[in-house]
Amino acid sequence: MAKNYIQPGEVVTVPAPYDVASGAGALVGKLFGVATGTYVSGADAEIRTKGVFEMAKVSAQAWTVGADIYWDDTAKNCTTTTTSNTLIGKALAVAANPSPTGIVRLNG
């Protein structure tokens, strides 16, 4: 292993950008992850940057497998809308309109 290796990076510790519940998304700058616990804004928070998660989504959207998924940091949910949102991964399952959640593979 390289002498400058630090960690795999699948779970990283960052300052919580806002109060975040376990399993919810958190966007720190352009780094997105899913909280592994419940954290208050500013606290050290562990977020998982890779993996497949069932995430809250815009209910009125239908998703197809492989669709680009973005994080809406204002609404705190996933969306297929690109404007003012951050690309976080791909849809891994069809999600109907309406439906409250969708399956997302994070880009890491």
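Does Asn77 count as buried or exposed, and what relative accessibility does this residue have?

## Asn77 in strand 7

In this predicted model, Asn77 has a relative accessibility of 14%, and because buried means under 20%, Asn77 counts as buried. The residue belongs to strand 7, which covers residues 77-79. Leaving aside residues up to four places away in sequence, Asn77 is in contact with Ala56, Lys57 and Val58, and also with Tyr70, Trp71 and Asp72.

## The largest nonpolar core

The largest nonpolar core holds 25 residues, and those that touch the most other members are Phe32, Met55, Trp71, Cys78, Ile88 and Val104. At least two residues of this core come from each of strands 1, 2, 3, 4, 5, 6, 8 and 9, and strand 3 gives the most, with three residues.

Ile88 offers a view of the contacts made by one of these core residues. When residues up to four places away in sequence are not counted, the residues that Ile88 touches include Phe32, Trp71, Cys78 and Val104, and also Ile69, Tyr70 and Leu106.

## Strand 4 and its partners

Along strand 4 the side chains alternate, with Ala45 and Ile47 buried and pointing to one face, whereas Asp44, Glu46 and Arg48 point to the other face and are not buried.

Strand 4 runs antiparallel to strand 1, to which five bridges join it, and Ile47 is the bridge partner of Val12. Strand 4 also runs antiparallel to strand 3, where the number of bridges is two, and here Ile47 stands opposite Ala35.

Notes. Residues numbered from 1 in each chain as written. Predicted model: local features only at pLDDT ≥ 70, side-chain atom pairs only at ≥ 80, totals over all residues. Heavy atoms only, no water. Helix = DSSP H or I, 4+ residues; strand = E, 2+ residues; numbered from the N terminus. Buried < 20%, exposed > 50% of the residue type's maximum accessible area, 1.4 Å probe, protein only. Contact = heavy atoms within 4.5 Å. Core = buried A, V, L, I, M, F, W, Y, C linked by side-chain atoms within 4.5 Å. Pairing = 2+ DSSP bridges.
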